[in-house]
Amino acid sequence: MTTALGTKIRTLRKERGYTLEQLAERAGSSKSYIWELENKTPPRPSADMLTRIADALRITIDYLMDDADTVTQEDAADRAFFRKFKMLDPADRARLRRMIDHWDDE
């Protein structure tokens, strides 16, 4: 019996077209550990591992950990984008804002 976390990881991995090995490589883990997270009950990942898996899948930990599915994948992807945006240097943020403004003008 899988958990909500395991189901989400498997679903997102497949949606992104990643094999177990590819996700493991992107997250700095082993293929067998990713398989265990997807298939064992209960999984016991560390916060660091959840962060790396979420980053590799381009979503937030909130989405992975929310058993009730109140956070959508789109919401999670937006949060991940904004987290990365905030970490950009000010010149890159300004450049990205100009690009978005240009798209709005079309």
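1. A good place to start is Leu20: setting aside neighbours within four places in sequence, Leu20 is in contact with Arg13, Lys31, Ile34, Trp35 and Glu38. Please keep in mind as you read that this is a predicted model. Leu20 belongs to helix α2, and with a relative accessible area of 16% it counts as buried, because the cut-off for that label is under 20%. For orientation across the fold, the C-alpha atoms of Leu20 and Asp55 are separated by 15 Å, and these two residues are 35 residues apart along the chain.

2. Staying with α2, which of its residues are buried? They are Leu20, Leu23, Ala24 and Ala27. These four cover an arc of only 100° around the axis, so they sit on the same side of α2. Glu25 and Arg26, on the other side of α2, are exposed. The buried residues of α2 are covered by elements including α1, α3 and α4. Just past the helix comes Gly28, and its phi is positive, near 70°.

3. Helix α3 can be read in a similar way. Its buried residues are Ile34, Leu37 and Glu38. Viewed down the axis of α3, they fall within an arc of 95°, and therefore line one face of the helix. Among the elements that cover them are α1, α2 (20-27) and α4. As a reminder of the geometry, an α-helix has 3.6 residues a turn, so residues three or four places apart point the same way.

4. Glu38 deserves a point of its own. What is the relative accessible area of this acidic residue, Glu38? The value is 1%, so Glu38 is buried. Its side chain meets that of Arg13 in a salt bridge, at 2.6 Å from N to O. Because Glu38 lies in helix α3 and Arg13 in helix α1, the pair ties together parts that are 25 residues apart in sequence. Arg13 is buried too, with a relative accessible area of 8%.

5. Glu38 has another partner as well. The side chains of Glu38 and Arg10 form a salt bridge at 3.8 Å, N to O. This pair links distant parts of the chain, with Glu38 in helix α3 (residues 31-39) and Arg10 in helix α1 (residues 4-15), 28 residues apart. Both Glu38 and Arg10 are buried.

6. Now for a salt bridge elsewhere in the model. Arg83 pairs with Asp55, and their closest N and O atoms are 3.2 Å apart. Arg83 lies in helix α6 (residues 73-87) and Asp55 in helix α4 (residues 47-57), so this pair ties together parts that are 28 residues apart in sequence. Are the two ends buried or exposed? Arg83 is partly exposed, with a relative accessible area of 36%, and Asp55 is also partly exposed, at 39% relative accessibility. Looking back at the earlier pairs, Arg10, Arg13 and Glu38 are joined into one network by salt bridges that share partners. Across the whole structure, the search finds six salt bridges.

7. How many aromatic pairs are there? The count comes to two. One of them joins Phe81 and Phe82 in an edge-to-face arrangement, with 5.4 Å from centre to centre and 75° between the planes. Phe81 is partly exposed at 40% relative accessibility, and Phe82 is partly exposed at 46%.

8. Phe81 also pairs with Phe85, and here the rings are stacked: 6.3 Å centre to centre, with 25° between the planes. The two are four residues apart in helix α6, so about one helical turn separates Phe81 and Phe85. Phe85 counts as buried, because its relative accessibility is 15%. Together, Phe81, Phe82 and Phe85 form one aromatic cluster.

9. One last contact to look at involves a charge and a ring. Where does the charged end of Lys8 sit? That charged end is over the ring of Tyr63, 4.5 Å from the ring centre.

Note on methods: Residues are numbered from 1 along each chain as its sequence is written. This is a predicted model: local features need pLDDT of at least 70, side-chain atom pairs count only at pLDDT 80 or more; totals for chains, interfaces and linings use all residues. Side-chain values use heavy atoms; hydrogens and water are left out. A salt bridge is a side-chain nitrogen of Lys or Arg within 4 Å of a carboxyl oxygen of Asp or Glu. Buried means under 20% relative accessible area, exposed over 50%, partly exposed in between (1.4 Å probe, protein chains only). Rings of Phe, Tyr and Trp (its six-membered ring) pair if their centres lie within 6.5 Å; planes under 30 degrees apart count as stacked, over 60 as edge-to-face and the rest as tilted. A charge sits over a ring if NZ of Lys or CZ of Arg is within 6 Å of the ring centre and within 35 degrees of the ring normal. The arc is that of the directions from the helix axis to the C-beta atoms. Contact means heavy atoms within 4.5 Å.
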